[in-house]
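Ready to work through some exercises on a structure that may be new to you? Try each task yourself before reading the solution under it.

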Amino acid sequence: MNNIDDKLASTIALLRLKFIDGLDDRILQFEAILADLRKGCNQREALCDISALTHKISGIAATFGFPEMGAQARHLEEMIDNQIDTVPIQQIIHRVSPVLQAFLDDLESQI
Amino acid sequence: MKILAVDDEPLFLELLAHTLSQLDFRDVHFATSGQDALGLITHDARSFDCFLLDIKMDPMNGIDLCRQIRILPEHRHTPVVMVTAMSEKRYVDNAFMAGADDYVTKPIDRIEIKARLSMVQTILNERIHTGLLARQIAMVERTMGAKCQFSEPIVLNDARDLVPYASLENYLLRLGNMRLLSSAAVAFHVENGTDIFERASGLEFADMLTDAAAVVGDALKSYNHMLAYAGSGDFVAVIARAASFDQAQVQLGIQEGLAAFSGIYLEEGIAAPIIRVGAAKTNGLLSFGNPTRMLSGAIMSARAGTQAGAPRARGHIRVMA
């Protein structure tokens with residue numbers, strides 16, 4: 001069992017580096033979506049895209065040693081999913097924007 | 001066990017690949033979208049034994065992918081485990097109603113995924129057993145020798161929208177006691193099931209159960225439900241407790257549905273099934289026992305409502321010479 005644990009630990013360590021290396025691209029994806037939001041284009045779609053991106057991060061961040069990042073991502077995802085069909089889009093954007101900005105600042109600090 | 005894992009996050013698939021490899025699951029294939037997954041499934045000569053599906057993918061999510069997989073005849077009963085961060089009840093319910101057998105939450109835990117895949121292996125072994133029995137019955141339909149228990153929760157291959165009983169039990173066990181409060185179980189007892197079992201062939205009995213499943217499923221169509229065959233002529237459904245279950249209305253729906261089949265049974269010289277609906281049963285607020293007691297409570301209610309009263313003695317299939 002120790003041998004298995006050691007192998008998995010070294011695999012996770014390698015994948016963790018890949019995850020950190022890939023944070024740049026993820027941040028750029030978020031920024032592109034934010035630009036659409038600011039322009040007022042396809043805002044509902046943009047919010048769904050943010051939800052999808054945060055969902056991906058929430059599924060792996062904790063495994064790679066970033067539990068708080070995973071929790072923040074989950075929180076953002078749920079904020080959007082729980083409101084997207086019931087709350088006016090502008091209101092969601094108003095609520096989500098500061099949380100998303102803080103999340104992106106945290107992502108950048110990990111690079 | 002040949003596994004197909006589907007997730008649109010490549011790093012997660014890499015992590016899953018290594019985790020499964022460490023657990024000695026080495027025949028694992030991967031897809032990053034529902035469309036790619038369906039391509040692999042339909043073009044691979046050797047069927048998959050298990051699917052691990054993420055729920056939240058775009059454009060086809062894991063629940064829709066599960067539905068598409070269940071349409072394929074060779075995968076009507078292949079175990080599907082949703083691997084997802086979305087553990088809210090509505091997603092879990094939707095997954096099970098689409099045909100999933102279990103779920104595991106992200107971030108993945110090696111011990112949990114090992115437990116889930118061990119459960120899959122158990123389901124596969126059970127299905128091989130019941131599948132073999134079904135094929136044995138078909139092969140020796142006109143010879144002596146094959147026997148099957150009336151109590152066996154056999155897999156009804158032609159019954160659409162029926163989940164395996166083991167999956168229904170697993171769904172309740174995975175829900176936990178608090179989430180169970182929003183669910184209820186209702187059972188449907190084939191009152192003359194034993195008589196039909198003793199007089200008809202194995203295939204005729206299975207066909208009767210398939211007809212019964214269709215009629216019951218239709219009568220429940222206004223309720224969000226999961227329906228399974230529990231053996232001994234009992235079907236059981238899990239429905240949302242919030243829905244006001246109208247027992248009389250459902251009983252009427254079943255009688256009307258069965259009336260449509262009565263001519264066919266008359267021509268074949270086989271007794272048409274008589275189906276009784278039981279009362280909706282729930283787990284109590286302070287109940288911390290086995291959640292599947294709700295299922296047995298519902299079955300007892302349906303049996304108690306029959307004109308025959310207490311369940312009859314169980315018998316064996318006699319294969320017609």
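**Exercise 1. Place Val215(B): find its element, its exposure and its contacts.**

Start with the element: Val215(B) sits in helix H9 of chain B, which spans residues 202-219. Keep in mind as you go that this is a predicted model.

Next, the exposure. The cut-off for buried is under 20% relative accessible area. Val215(B) has 5% relative accessibility, so it counts as buried.

Now look at what surrounds this residue. Setting aside neighbours within four places in sequence, Val215(B) touches Ile254(B), Gly257(B), Leu258(B) and Phe261(B). As for Gly253(B), it is 38 residues away along the chain, but its C-alpha atom is 8.0 Å from that of Val215(B).

**Exercise 2. Work out the sheet that H9(B) lies across.**

First, get the strand order. Five strands of chain B make an open sheet, E6-E8-E9-E7-E10, with mixed pairing. At the edges are strand E6 (162-163) and E10 of chain B, each pairing on one side only.

Then add the helices. H9(B) lies across E6, E7, E8 (225-231), E9 and E10 of chain B, and runs at about 155° to E8(B). Helix H12 of chain B (residues 293-304) packs on the sheet too, touching E7, E8, E9 and E10 of chain B. The direction of H12(B) makes about 40° with that of E7(B).

**Exercise 3. Zoom in on strand E7 of chain B: how many of its residues are buried, and which strands does it pair with?**

Step one is the count: in E7(B), residues 183-190, eight of eight residues are buried.

Step two is to sort them by direction. In a regular strand, side chains alternate between the two faces of the sheet. Here Ser183(B), Ala185(B), Ala187(B) and His189(B) point one way, while Ala184(B), Val186(B), Phe188(B) and Val190(B) point the other way. Both sets are buried.

Step three is the partners. Seven bridges link E7(B) to strand E9 of chain B (residues 234-240), and the two run antiparallel. In that pairing, Val186(B) has Ala237(B) as its bridge partner. With strand E10 of chain B (residues 275-277), E7(B) pairs over three bridges, again in the antiparallel sense. There, Val190(B) is partnered by Ile275(B).

**Exercise 4. Describe the parallel sheet of chain B, then the helix H2(B) that packs on it.**

Begin with the order: five strands form an open sheet, E2-E1-E3-E4-E5 of chain B, and the pairing is parallel. E2 and strand E5 (102-105) of chain B each have a single partner strand, so one side of each is left without a neighbour in the sheet. On average, neighbouring strands are turned by 20° against each other, direction ignored.

Take one pair as a sample. Strand E4 of chain B (residues 80-84) is joined to E5(B) by four bridges, and Val81(B) stands opposite Asp102(B).

Now the helix. H2(B) packs on this sheet, touching E1, E2 and E3 of chain B, and its direction makes about 165° with that of E1(B). In H2(B), which covers residues 34-43, the buried residues are Gly34(B), Ala37(B), Leu38(B) and Ile41(B). They cover an arc of only 95° around the axis, so they are on the same side of H2(B). Gln35(B) and His43(B), on the other side, are exposed. The buried residues pack against strands E1 (3-6), E2 (28-31) and E3 (50-53), and against helix H3 (62-71), of chain B.

**Exercise 5. Switch to chain A: how do H2(A) and H4(A) pack, and what does Thr63(A) touch?**

Helices first. H2(A) (residues 43-60) and H4(A) (residues 89-110) pack at an angle of about 35°, their axes 12 Å apart. Their crossing is left-handed. Residues that meet there include Leu47(A) and Ile50(A) in H2(A), and Ile93(A) and Phe103(A) in H4(A).

Then move on to Thr63(A), in the loop between H2 and helix H3 (67-81) of chain A. At 18% relative accessibility, Thr63(A) counts as buried. Neighbours within four places in sequence aside, Thr63(A) is in contact with Ile12(A), Leu15(B), Pro107(B) and Ile108(B).

Methods:
Residues numbered from 1 in each chain as written. Chains lettered and ligands numbered in written order. Predicted model: local features only at pLDDT ≥ 70, side-chain atom pairs only at ≥ 80, totals over all residues. Heavy atoms only, no water. Buried < 20%, exposed > 50% of the residue type's maximum accessible area, 1.4 Å probe, protein only. Arc of directions from axis to C-beta. Contact = heavy atoms within 4.5 Å. Pairing = 2+ DSSP bridges. Axes fitted to C-alpha atoms, helices over the stretch in contact; angles between N-to-C directions. Left-handed = near helix turned anticlockwise from the far one by under 90°.
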